[in-house]
Amino acid sequence: MLQFTLDFSKPQGTGFLVSDVSMRRIFSIALSLFFLILAGAFGYGAIGYWDAVRQADAYAVRADSLIADGRGPNDLGIEQLRQVILLQDPGFLDHAGVDLSTAGAGLTTISQSLAKRLGFEDFHPGIRKIRQTGFAIGLERELAKDQILALWLDSVEMGRGPEGWMTGFFAASESIYSRAPSELTDQEYHRLLAVLIAPGRFRLLESDEELDDRASRIARLTSGDCSPESLSDVWLDACV
């Protein structure tokens, strides 16, 4: 039979006292690490912000040149511009680079999407998202909305065309349909919009049922027949 004998010769509670002190030290270290990481993240974001501010004049010149050349947001046409903003970044006209509340907006605004291409030679998701966000906020501070849109339209990836990979919304429209976006039919325009979410996946040059399905969802969205069900509903599952 097992027997247990308690030893009352040692002060009781010493172990709990030591444990309590250890827990306080662990908490203190964890809190210090948290603030250190927070400060590092803020600093990394600030680097992106100041990079954007420092290069803003050059970006503005480039954007104004695109607008003067007939490749600005207003050259899409009023309705076409409404549709691209509604699809890509519904809160674009109101936010300052970041939007984590508007249904259908996703985690990347138009400004952040542009920052990914202007601020990085080779962007990868993860910690670089912090610098990307700082860069986007810097763009929003220094540039007008139409300048940001002009740069974004000129730099978006549009998949494969007759002569290889296409970059730029206007360039893709002319390459695929031999017309400007303002001259496209609704179906043609919606197919161009559909490619934006996955340019490496969809095929504009051939029959693509998945692309057509995406375009039909966009048609329902832009006509007001449906609306995204949440922030993350960028694939428009509510519009099936």
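Is aspartate 51 buried or exposed? Aspartate 51 turns out to be buried, with a relative accessible area of 12% (buried means under 20% relative accessible area, exposed over 50%, and partly exposed in between, using a 1.4 Å probe and protein chains only). The model looked at here is a predicted one, where local features need pLDDT of at least 70, side-chain atom pairs count only at pLDDT 80 or more, and totals for chains, interfaces and linings use all residues. Residues are numbered from 1 along each chain as its sequence is written, and side-chain values use heavy atoms, with hydrogens and water left out.

First, the overall layout. The protein has eight helices and two strands (DSSP runs numbered from the N terminus, with helices being H or I of at least four residues and strands E of at least two). Going along the sequence, the pattern reads α-α-α-α-α-β-β-α-α-α. Out of 240 residues, 41% count as buried.

Back to aspartate 51, which has a salt bridge to arginine 54, with the closest N and O atoms 2.7 Å apart (a salt bridge is a side-chain nitrogen of Lys or Arg within 4 Å of a carboxyl oxygen of Asp or Glu). Both residues sit in helix H1, which covers residues 14-68, and they are three residues apart, about one turn of the helix. In general, an α-helix has 3.6 residues a turn, so residues three or four places apart point the same way. While aspartate 51 is buried, arginine 54 is exposed, at 58% relative accessibility. The pair also belongs to a network of salt bridges that links Asp51, Arg54 and Arg131.

A search of the whole structure turns up 15 salt bridges, and another one of them joins the side chains of arginine 62 and aspartate 154, at 3.5 Å from N to O. Arginine 62 is in helix H1 and aspartate 154 in helix H5 (residues 145-155), so this pair ties together parts that are 92 residues apart in sequence. Both ends are partly exposed: arginine 62 has a relative accessible area of 34%, and aspartate 154 comes in at 29%. Aspartate 208 and arginine 203 also meet through their side chains in a salt bridge, this time at 3.9 Å from N to O. Here aspartate 208 is buried, with a relative accessible area of just 3%, whereas arginine 203 is partly exposed at 37%.

Some helices are well tucked in. In H5, eight of the eleven residues are buried, so this helix is largely enclosed by the rest of the structure; among them are Trp152, Leu153 and Ser155. H3 is much the same story, with seven of its nine residues buried, so the rest of the structure largely encloses it. Its buried residues include Ile110, Ser113 and Leu118.

H3 comes up again at the largest pocket, which holds about 630 Å³ of space. On a 1 Å grid over the protein atoms alone, a pocket is an open set of points where a 1.4 Å probe fits, with protein on both sides within 12 Å along at least five of seven lines, and lining residues have an atom within 4 Å of a point. Grid points are joined across faces, edges and corners, and the volume is the space filled by probe spheres set on the points. The lining has 24 residues, and Gln88, Thr108, Ser113, Lys116 and Leu196 lie nearest the centre of the pocket. Helices H2 (78-88), H3 (110-118) and H4 (128-142) each supply at least two lining residues, with the largest share, four residues, coming from H3. By type, the lining splits into twelve nonpolar, seven polar and five charged residues (Ala, Val, Leu, Ile, Met, Phe, Trp, Tyr, Cys and Pro count as nonpolar, Asp, Glu, Lys and Arg as charged, and the others, Gly among them, as polar).Helix H8 (residues 209-223) has 15 residues and reaches 21 Å from its first C-alpha to its last, close to the 21 Å expected at 1.5 Å a residue (the expected span is 1.5 Å times one less than the number of residues). The buried residues of H8 include Leu211, Ile218 and Leu221. Seen down the axis of H8, the buried residues fall within an arc of 160°, so they line one face of the helix (the arc is that of the directions from the helix axis to the C-beta atoms). In the segment after H8 sits leucine 236, which has a positive phi of about 60° although it is not a glycine. Leucine 236 is buried, at 3% relative accessibility.
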